[in-house]
Amino acid sequence: NSSDLSPPSFILASIPGLEAAHFWMAILLCSMYILAVTGNCAVLFIVKMETGLHAPMYFFLCMLAAIDLALSTSTVPRALSLYWFNSTEISFSACLLQMFLIHTLSAIESTVLLAMAVDRYVAICHPLRHAAILTNAATAKIGLVAMARGVVFFMPLPLLLLPLPFCSSRVLSHSFCLHQDVMNLACANTTPSVVYGLTAILLVMGLDAILICLSYLLILKAVLRLASWKERLKVFSTCIAHICVVLAFYVPLIGLSVVHRFGKDLAPLVHITMGNIYILVPAVLNPIIYGVRTKEIQRRILNVIHICQD
(Lines give C-alpha, C1' and ligand atoms only; values in the text may rest on other atoms or scores of the structure.)
Protein backbone atom coordinates (compact mmCIF):
# COMPACT_ATOMS: atom_id res chain seq x y z
CA ASN A 1 0.00 0.00 0.00
CA SER A 2 1.61 3.27 -1.12
CA SER A 3 0.02 5.08 1.83
CA ASP A 4 2.38 3.17 4.16
CA LEU A 5 5.51 4.33 2.38
CA SER A 6 7.55 7.43 2.94
CA PRO A 7 6.19 10.18 0.70
CA PRO A 8 8.08 11.09 -2.46
CA SER A 9 7.91 14.74 -1.45
CA PHE A 10 6.63 17.30 1.03
CA ILE A 11 4.92 20.59 0.28
CA LEU A 12 6.74 23.65 1.58
CA ALA A 13 4.45 26.28 3.08
CA SER A 14 3.61 29.50 1.33
CA ILE A 15 1.15 32.05 2.68
CA PRO A 16 -2.44 31.35 1.57
CA GLY A 17 -4.20 34.38 0.20
CA LEU A 18 -1.00 36.37 -0.25
CA GLU A 19 0.26 34.80 -3.46
CA ALA A 20 0.41 38.24 -5.09
CA ALA A 21 2.85 39.37 -2.40
CA HIS A 22 5.21 36.40 -2.78
CA PHE A 23 7.45 38.27 -5.22
CA TRP A 24 8.03 41.10 -2.75
CA MET A 25 8.50 38.69 0.14
CA ALA A 26 11.16 36.97 -1.93
CA ILE A 27 12.83 40.33 -2.55
CA LEU A 28 12.95 40.92 1.22
CA LEU A 29 14.33 37.43 1.86
CA CYS A 30 16.88 37.81 -0.92
CA SER A 31 18.01 41.19 0.42
CA MET A 32 18.49 39.77 3.91
CA TYR A 33 20.35 36.78 2.46
CA ILE A 34 22.69 39.06 0.49
CA LEU A 35 23.32 41.08 3.66
CA ALA A 36 24.06 37.90 5.60
CA VAL A 37 26.44 36.53 2.97
CA THR A 38 28.21 39.87 2.48
CA GLY A 39 28.56 40.58 6.20
CA ASN A 40 29.79 37.14 7.19
CA CYS A 41 32.20 36.88 4.25
CA ALA A 42 33.54 40.32 5.24
CA VAL A 43 34.13 39.08 8.81
CA LEU A 44 36.00 36.02 7.54
CA PHE A 45 38.12 38.14 5.19
CA ILE A 46 38.92 40.86 7.75
CA VAL A 47 39.91 38.42 10.50
CA LYS A 48 42.13 36.58 8.04
CA MET A 49 43.85 39.78 6.86
CA GLU A 50 44.19 41.53 10.24
CA THR A 51 46.89 39.76 12.25
CA GLY A 52 45.80 41.73 15.32
CA LEU A 53 42.55 39.78 15.24
CA HIS A 54 44.22 36.37 15.28
CA ALA A 55 42.94 35.63 18.77
CA PRO A 56 40.48 33.04 20.14
CA MET A 57 37.52 35.45 20.36
CA TYR A 58 37.78 36.34 16.67
CA PHE A 59 38.42 32.76 15.60
CA PHE A 60 35.15 31.91 17.35
CA LEU A 61 33.57 34.82 15.46
CA CYS A 62 34.81 33.27 12.20
CA MET A 63 33.21 29.98 13.21
CA LEU A 64 29.91 31.81 13.78
CA ALA A 65 30.23 33.48 10.38
CA ALA A 66 30.87 30.15 8.64
CA ILE A 67 27.94 28.52 10.44
CA ASP A 68 25.59 31.38 9.54
CA LEU A 69 26.67 31.18 5.90
CA ALA A 70 26.02 27.44 5.80
CA LEU A 71 22.69 27.69 7.63
CA SER A 72 21.27 30.49 5.49
CA THR A 73 22.56 28.92 2.25
CA SER A 74 20.97 25.56 3.09
CA THR A 75 17.52 27.16 3.45
CA VAL A 76 17.08 30.56 1.78
CA PRO A 77 17.73 29.64 -1.89
CA ARG A 78 15.12 26.88 -1.63
CA ALA A 79 12.66 29.33 -0.05
CA LEU A 80 13.31 31.83 -2.85
CA SER A 81 12.47 29.21 -5.48
CA LEU A 82 9.21 28.67 -3.61
CA TYR A 83 8.22 32.34 -3.69
CA TRP A 84 9.57 33.24 -7.12
CA PHE A 85 8.85 30.09 -9.10
CA ASN A 86 6.12 28.43 -7.01
CA SER A 87 8.38 25.40 -6.55
CA THR A 88 6.61 24.02 -3.51
CA GLU A 89 7.69 20.37 -3.51
CA ILE A 90 10.82 19.09 -1.80
CA SER A 91 11.80 15.43 -1.95
CA PHE A 92 11.77 13.31 1.18
CA SER A 93 15.55 12.79 1.17
CA ALA A 94 16.27 16.49 0.50
CA CYS A 95 13.91 17.44 3.33
CA LEU A 96 15.67 15.12 5.79
CA LEU A 97 19.06 16.46 4.70
CA GLN A 98 17.94 20.06 5.12
CA MET A 99 16.46 19.23 8.52
CA PHE A 100 19.72 17.61 9.63
CA LEU A 101 21.75 20.63 8.50
CA ILE A 102 19.48 23.14 10.23
CA HIS A 103 19.50 21.37 13.59
CA THR A 104 23.16 20.37 13.48
CA LEU A 105 24.39 23.82 12.50
CA SER A 106 22.20 25.38 15.20
CA ALA A 107 23.73 23.02 17.77
CA ILE A 108 27.25 23.91 16.60
CA GLU A 109 26.44 27.63 16.83
CA SER A 110 25.11 27.15 20.36
CA THR A 111 28.35 25.40 21.38
CA VAL A 112 30.49 28.15 19.85
CA LEU A 113 28.46 30.79 21.74
CA LEU A 114 29.16 28.88 24.96
CA ALA A 115 32.88 28.78 24.10
CA MET A 116 32.82 32.55 23.53
CA ALA A 117 31.17 33.03 26.94
CA VAL A 118 33.92 30.94 28.55
CA ASP A 119 36.50 33.02 26.67
CA ARG A 120 35.00 36.20 28.16
CA TYR A 121 34.93 34.62 31.63
CA VAL A 122 38.61 33.61 31.49
CA ALA A 123 39.65 36.96 30.00
CA ILE A 124 37.92 38.93 32.78
CA CYS A 125 38.22 36.66 35.82
CA HIS A 126 41.61 35.05 35.08
CA PRO A 127 43.35 37.46 32.67
CA LEU A 128 46.89 36.21 33.43
CA ARG A 129 45.93 32.65 32.48
CA HIS A 130 43.88 33.56 29.40
CA ALA A 131 46.70 33.21 26.87
CA ALA A 132 47.79 29.89 28.34
CA ILE A 133 44.28 28.38 28.52
CA LEU A 134 42.75 29.57 25.24
CA THR A 135 45.55 29.00 22.76
CA ASN A 136 44.97 28.79 19.00
CA ALA A 137 45.31 25.01 19.22
CA ALA A 138 42.70 24.86 21.99
CA THR A 139 40.38 27.06 19.93
CA ALA A 140 40.67 24.69 16.95
CA LYS A 141 39.93 21.70 19.19
CA ILE A 142 36.85 23.45 20.58
CA GLY A 143 35.64 24.01 17.01
CA LEU A 144 36.08 20.30 16.21
CA VAL A 145 34.28 19.30 19.42
CA ALA A 146 31.41 21.66 18.53
CA MET A 147 31.07 20.02 15.10
CA ALA A 148 31.23 16.50 16.52
CA ARG A 149 28.72 17.36 19.25
CA GLY A 150 26.22 18.74 16.74
CA VAL A 151 26.52 15.76 14.40
CA VAL A 152 26.37 13.11 17.16
CA PHE A 153 23.32 14.61 18.87
CA PHE A 154 21.27 15.45 15.77
CA MET A 155 22.17 12.72 13.27
CA PRO A 156 19.54 10.41 14.85
CA LEU A 157 16.69 12.86 14.10
CA PRO A 158 16.36 12.07 10.36
CA LEU A 159 17.20 8.41 11.03
CA LEU A 160 14.24 8.14 13.44
CA LEU A 161 11.92 9.65 10.81
CA LEU A 162 13.22 7.55 7.92
CA PRO A 163 11.16 4.37 8.62
CA LEU A 164 7.94 6.20 9.55
CA PRO A 165 4.91 6.10 7.23
CA PHE A 166 3.47 9.44 6.09
CA CYS A 167 -0.08 8.89 4.98
CA SER A 168 -1.82 12.14 5.84
CA SER A 169 -1.09 15.74 4.88
CA ARG A 170 2.26 16.47 3.27
CA VAL A 171 2.07 20.25 3.84
CA LEU A 172 4.75 21.68 6.14
CA SER A 173 4.38 24.81 8.29
CA HIS A 174 7.54 26.53 7.00
CA SER A 175 9.41 27.13 3.78
CA PHE A 176 12.06 24.71 5.01
CA CYS A 177 12.12 21.40 6.92
CA LEU A 178 12.26 21.18 10.72
CA HIS A 179 12.17 17.99 12.77
CA GLN A 180 9.00 18.71 14.74
CA ASP A 181 7.20 19.94 11.63
CA VAL A 182 8.00 16.80 9.60
CA MET A 183 7.38 14.50 12.58
CA ASN A 184 3.84 15.86 13.04
CA LEU A 185 2.94 14.61 9.55
CA ALA A 186 3.75 10.97 10.35
CA CYS A 187 0.82 8.59 10.87
CA ALA A 188 2.61 6.30 13.31
CA ASN A 189 3.88 6.33 16.88
CA THR A 190 6.39 9.19 17.07
CA THR A 191 7.14 8.90 20.80
CA PRO A 192 10.81 7.85 20.31
CA SER A 193 11.34 10.77 17.95
CA VAL A 194 9.60 13.20 20.32
CA VAL A 195 11.59 12.03 23.34
CA TYR A 196 14.92 12.02 21.56
CA GLY A 197 14.34 15.41 19.91
CA LEU A 198 13.44 17.03 23.22
CA THR A 199 16.40 15.36 24.96
CA ALA A 200 18.83 16.53 22.30
CA ILE A 201 17.54 20.11 22.48
CA LEU A 202 17.79 20.16 26.28
CA LEU A 203 21.26 18.58 26.38
CA VAL A 204 22.66 20.94 23.76
CA MET A 205 20.86 24.30 23.49
CA GLY A 206 19.32 24.08 26.98
CA LEU A 207 22.55 23.14 28.73
CA ASP A 208 24.52 25.71 26.72
CA ALA A 209 22.09 28.48 27.69
CA ILE A 210 22.40 27.57 31.39
CA LEU A 211 26.20 27.52 31.22
CA ILE A 212 26.28 30.85 29.35
CA CYS A 213 24.11 32.41 32.08
CA LEU A 214 26.39 30.90 34.73
CA SER A 215 29.46 32.36 32.98
CA TYR A 216 27.92 35.82 33.01
CA LEU A 217 26.89 35.53 36.66
CA LEU A 218 30.54 34.83 37.50
CA ILE A 219 31.65 37.68 35.24
CA LEU A 220 29.16 40.04 36.90
CA LYS A 221 30.37 38.97 40.34
CA ALA A 222 33.98 39.74 39.33
CA VAL A 223 33.03 43.06 37.74
CA LEU A 224 31.17 44.23 40.87
CA ARG A 225 34.36 43.76 42.88
CA LEU A 226 36.07 46.53 40.90
CA ALA A 227 36.54 49.83 42.67
CA SER A 228 34.77 52.31 40.39
CA TRP A 229 31.73 52.27 38.11
CA LYS A 230 33.95 53.51 35.28
CA GLU A 231 36.15 50.42 35.55
CA ARG A 232 33.12 48.16 35.84
CA LEU A 233 31.52 49.58 32.69
CA LYS A 234 34.81 49.42 30.79
CA VAL A 235 35.34 45.74 31.61
CA PHE A 236 31.72 44.69 31.10
CA SER A 237 31.55 46.56 27.77
CA THR A 238 33.85 43.89 26.32
CA CYS A 239 30.94 41.46 26.74
CA ILE A 240 28.22 43.58 25.11
CA ALA A 241 28.74 42.26 21.58
CA HIS A 242 28.65 38.63 22.73
CA ILE A 243 25.52 39.20 24.84
CA CYS A 244 23.76 40.71 21.81
CA VAL A 245 24.80 37.75 19.62
CA VAL A 246 23.54 35.29 22.25
CA LEU A 247 20.18 37.08 22.37
CA ALA A 248 20.00 37.17 18.55
CA PHE A 249 20.38 33.37 18.54
CA TYR A 250 18.31 32.24 21.53
CA VAL A 251 15.35 34.64 21.33
CA PRO A 252 14.27 33.49 17.80
CA LEU A 253 14.97 29.87 18.81
CA ILE A 254 12.72 30.15 21.86
CA GLY A 255 10.10 32.06 19.86
CA LEU A 256 10.01 29.35 17.17
CA SER A 257 9.75 26.63 19.83
CA VAL A 258 6.83 28.44 21.49
CA VAL A 259 5.05 28.84 18.16
CA HIS A 260 5.45 25.11 17.45
CA ARG A 261 4.28 24.13 20.92
CA PHE A 262 1.39 26.52 21.48
CA GLY A 263 0.68 28.16 18.13
CA LYS A 264 -1.03 25.43 16.14
CA ASP A 265 -4.07 27.65 15.65
CA LEU A 266 -2.04 30.71 14.63
CA ALA A 267 -2.08 32.03 11.06
CA PRO A 268 0.47 30.48 8.65
CA LEU A 269 2.09 33.91 8.35
CA VAL A 270 3.21 33.68 12.01
CA HIS A 271 4.87 30.28 11.52
CA ILE A 272 6.63 31.33 8.32
CA THR A 273 7.76 34.67 9.74
CA MET A 274 9.17 33.09 12.91
CA GLY A 275 10.97 30.46 10.86
CA ASN A 276 12.60 33.06 8.62
CA ILE A 277 13.57 35.16 11.65
CA TYR A 278 15.21 32.11 13.23
CA ILE A 279 17.23 31.38 10.10
CA LEU A 280 18.18 34.87 8.94
CA VAL A 281 18.20 37.35 11.82
CA PRO A 282 21.31 35.94 13.59
CA ALA A 283 23.14 35.65 10.26
CA VAL A 284 22.37 39.31 9.43
CA LEU A 285 22.93 40.75 12.91
CA ASN A 286 26.11 38.95 14.01
CA PRO A 287 28.53 40.70 11.62
CA ILE A 288 26.79 44.05 12.21
CA ILE A 289 27.09 43.69 16.00
CA TYR A 290 30.77 42.81 15.91
CA GLY A 291 31.41 45.38 13.19
CA VAL A 292 30.02 48.10 15.44
CA ARG A 293 31.85 46.90 18.55
CA THR A 294 35.26 46.09 17.01
CA LYS A 295 37.46 49.01 15.97
CA GLU A 296 39.75 46.84 13.83
CA ILE A 297 36.80 45.56 11.81
CA GLN A 298 35.42 49.09 11.44
CA ARG A 299 38.78 50.38 10.24
CA ARG A 300 39.18 47.62 7.67
CA ILE A 301 35.65 48.18 6.33
CA LEU A 302 36.28 51.93 6.04
CA ASN A 303 39.55 51.24 4.19
CA VAL A 304 37.71 49.03 1.70
CA ILE A 305 35.03 51.73 1.20
CA HIS A 306 37.70 54.39 0.57
CA ILE A 307 39.47 52.14 -1.94
CA CYS A 308 36.19 51.51 -3.78
CA GLN A 309 35.46 55.26 -3.88
CA ASP A 310 38.91 56.02 -5.27
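This passage describes the overall fold, the largest pocket and the largest cavity of a predicted model. Local features are reported only at a pLDDT of at least 70 and side-chain atom pairs only at pLDDT 80 or more, whereas totals for chains, interfaces and linings use all residues. Residues are numbered from 1 along each chain as its sequence is written, and side-chain values use heavy atoms, with hydrogens and water left out.

The chain contains 13 helices and 2 strands, these being DSSP runs numbered from the N terminus (helices, H or I, at least four residues; strands, E, at least two). For 310 residues a compact globule would be expected to have a radius of gyration near 19 Å, and the 21 Å of the chain agrees with this; the radius is taken over C-alpha atoms, and the globule rule is 2.2 Å times the number of residues to the power 0.38. The C-alpha trace spans about 70 × 50 × 35 Å along its principal axes. Of the 310 residues, 46% count as buried, that is, under 20% relative accessible area with a 1.4 Å probe and protein chains only. Among contacts (heavy atoms within 4.5 Å) with a separation of 6 or more, 80% join residues 24 or more positions apart. The chain exposes about 15,500 Å², of which carbon and sulfur atoms supply 72%, as computed by the Shrake-Rupley method with a 1.4 Å probe.

Open and enclosed spaces were located on a 1 Å grid over the protein atoms alone: a pocket is an open set of points with protein on both sides within 12 Å along at least five of seven lines, a cavity is a set where a 1.4 Å probe fits but cannot get out, and lining residues have an atom within 4 Å of a point. Grid points are joined across faces, edges and corners, and a volume is the space filled by probe spheres set on the points.

The largest pocket holds about 700 Å³ of space. It is lined by 22 residues, of which Gln-180, Gly-197, Leu-198, Ile-201 and Ser-257 are the closest to its centre. Helices α8 (179-183), α9 (191-224) and α11 (240-262) each supply at least two lining residues, and α9 gives the most, with 8 residues.

The structure holds 1 cavity of 30 Å³ or more, and the largest cavity has about 40 Å³ of space. Its lining consists of Leu-29, Thr-75, Val-76, Ala-79, Ser-175, Phe-176, Asn-276, Ile-279 and Leu-280, with α12 giving the most, 3 residues.

Terms used: Buried < 20%, exposed > 50% of the residue type's maximum accessible area, 1.4 Å probe, protein only.
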